[in-house]
Amino acid sequence: MDYPFAAPPAEGEAIEVAEGVLWLRLPLPMALDHVNVYALREDDGWTIVDTGFDTRRARDIWQGLRSGPLAGRPIRRVIGTHHHPDHIGLAGWFMQADGAELMMSRTAWLTARMLQMDVQERPTPQALDFWRRAGMPADLLARRAAERPWNSADVVHPLPPGYRRVHEGEEIRFGGRRWRVAMGDGHAPRHATFWSLDDDLVIGGDQLLPSISPNLGVYPTEPEADPVGEWLASCARLSGLAEPRHLVLPGHKLPFTGLPLRLRQLVDNHLGALNRMEQALGEAPRTAVGCFDILYKRRIAAMEFGLALVEAVAHVNHLRFGGRVRAVGERDGGTLWGA
């Protein structure tokens, strides 16, 4: 793998990564403290790929980008790679302010719009039961039960009812290039990636990341999901398109080349974690939360606990759907899993 750009653009600035393609960054108030967005020049304005959160700071940064690197030209199109708020938080704002067209997969758009309208003041009974069965400690569970949960609407501008669907295998045109759409699953359902038919660019979103693996989570809304299985299948499909020459523009971290190797690494990372978990559960039953040390091989900070829990459940689900582990009892309301 190689990283052609040693450092990311500074806040409010841009790096041209290919002719007519600008790499921009927006801050995030979390451990992963940024999201990459891309602006592709059109004859009459710009196409924006992903947007960042809808926060006052992000809007101020975008206003500076508009008058600076984007030279005051309008945003004609917003492409959302997937439904997560750091990628579509300001899509509705651009639609409202510029009349921009929104392009996403149908599943991503429906999910984003549903989450934006579903505001909860307290965790649902289903969420509390899900956390308990996963092995969340009782003191943390009680604290979460009394708190307002994080809502997508906190950082996502309302999405107007209307978008253009992109689908698997479609050829679309933007930024002076023809692109093939290839969908991935696991991190987010029907995550769109875009493969240029005219040069070496690939827009990878969170499906194709260097140096970190995207979160694969099971949530109370679909407790029987198998995102790890979906992820492994997606990596296999995308490997058929990947070539060493491709310059991947990821949703986080630095643009990179060497995609075939990176896809193998992403698969091996999860296969290794699954094998470690199966071996550990054969030695002594554990809850999903009890597998943190096996899965992550490091201490999980408080702010990471929620994402760590949903990914641990995802790995347990994949093992049990494959007949490699089964429920063997309970401890303090948490399900114990054994090989």
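**Helix packing and aromatic contacts in the predicted model**

M277 is buried, as its relative accessible area of 0% lies under the 20% limit. This residue of the predicted model belongs to helix α8, which spans residues 259-283. Leaving aside residues up to four places away in sequence, M277 touches C291, I294, L295, A312, H315, V316 and L319. The C-alpha atom of M277 is separated by 15 Å from that of G229, a residue 48 positions away along the chain.

G229 and H315 both recur in the packing of helix α7 on helix α10. The axes of α7 (residues 227-239) and α10 (residues 305-321) come within 7 Å of each other and cross at roughly 80°. The two helices are therefore roughly perpendicular, because angles of 65 to 115 degrees fall in that class. On the α7 side, P227, V228, G229 and L232 take part in the contact, and these residues meet A314, H315 and H318 of α10. By class, the contact comprises 4 nonpolar and 3 polar residues, with no charged residues. H315 of α10 thus appears both in the contact with α7 and among the residues touched by M277.

Aromatic side chains form a further set of contacts, with 8 aromatic pairs in the structure. In one of these, the ring centres of F5 and W23 lie 6.2 Å apart and the ring planes are at 65°, so the pair is edge-to-face; the angle exceeds the limit for that class, which is over 60 degrees. F5 is located in the segment before β1 (15-18), whereas W23 is part of strand β2 (residues 21-27), so the pair ties together parts that are 18 residues apart in sequence. Both partners are classed as buried: F5 has a relative accessibility of 18%, and W23 has one of 0%.

The pair formed by F174 and W179 has another geometry. The centres of these rings are 4.9 Å apart and their planes lie at 10°, so the pair is stacked. F174 is buried, with a relative accessible area of 1%, and W179 likewise counts as buried, at 0% relative accessibility. In addition, W62, W93 and F94 form one aromatic cluster.

Tryptophan rings are also found in contacts with arginine. R73 lies over the face of W46, at a distance of 5.5 Å from the ring centre. In a second case, R144 is placed over the face of W131, 5.7 Å from the centre of the ring.

Positive phi values in residues other than glycine were noted at two loop positions, A71 and R190. For A71, phi is near 55°. This alanine is found in the loop between α1 (56-67) and β5 (75-79). A71 counts as exposed, since its relative accessibility of 53% is over the 50% limit. Phi of R190 is also near 55°, and this arginine is found in the loop between β9 (177-184) and β10 (191-196). R190 is partly exposed, with a relative accessible area of 25%.

Key:
Residues are numbered from 1 along each chain as its sequence is written. This is a predicted model: local features need pLDDT of at least 70, side-chain atom pairs count only at pLDDT 80 or more; totals for chains, interfaces and linings use all residues. Side-chain values use heavy atoms; hydrogens and water are left out. Axes are lines fitted to C-alpha atoms, for helices over the stretch in contact, and angles run from 0 to 180 degrees between N-to-C directions. Helices (H or I, at least four residues) and strands (E, at least two) are DSSP runs, numbered from the N terminus. Angles under 35 degrees count as roughly parallel, over 145 as roughly antiparallel, 65 to 115 as roughly perpendicular and the rest as oblique. Contact means heavy atoms within 4.5 Å. Ala, Val, Leu, Ile, Met, Phe, Trp, Tyr, Cys and Pro count as nonpolar, Asp, Glu, Lys and Arg as charged, and the others, Gly among them, as polar. Rings of Phe, Tyr and Trp (its six-membered ring) pair if their centres lie within 6.5 Å; planes under 30 degrees apart count as stacked, over 60 as edge-to-face and the rest as tilted. Buried means under 20% relative accessible area, exposed over 50%, partly exposed in between (1.4 Å probe, protein chains only). A charge sits over a ring if NZ of Lys or CZ of Arg is within 6 Å of the ring centre and within 35 degrees of the ring normal.
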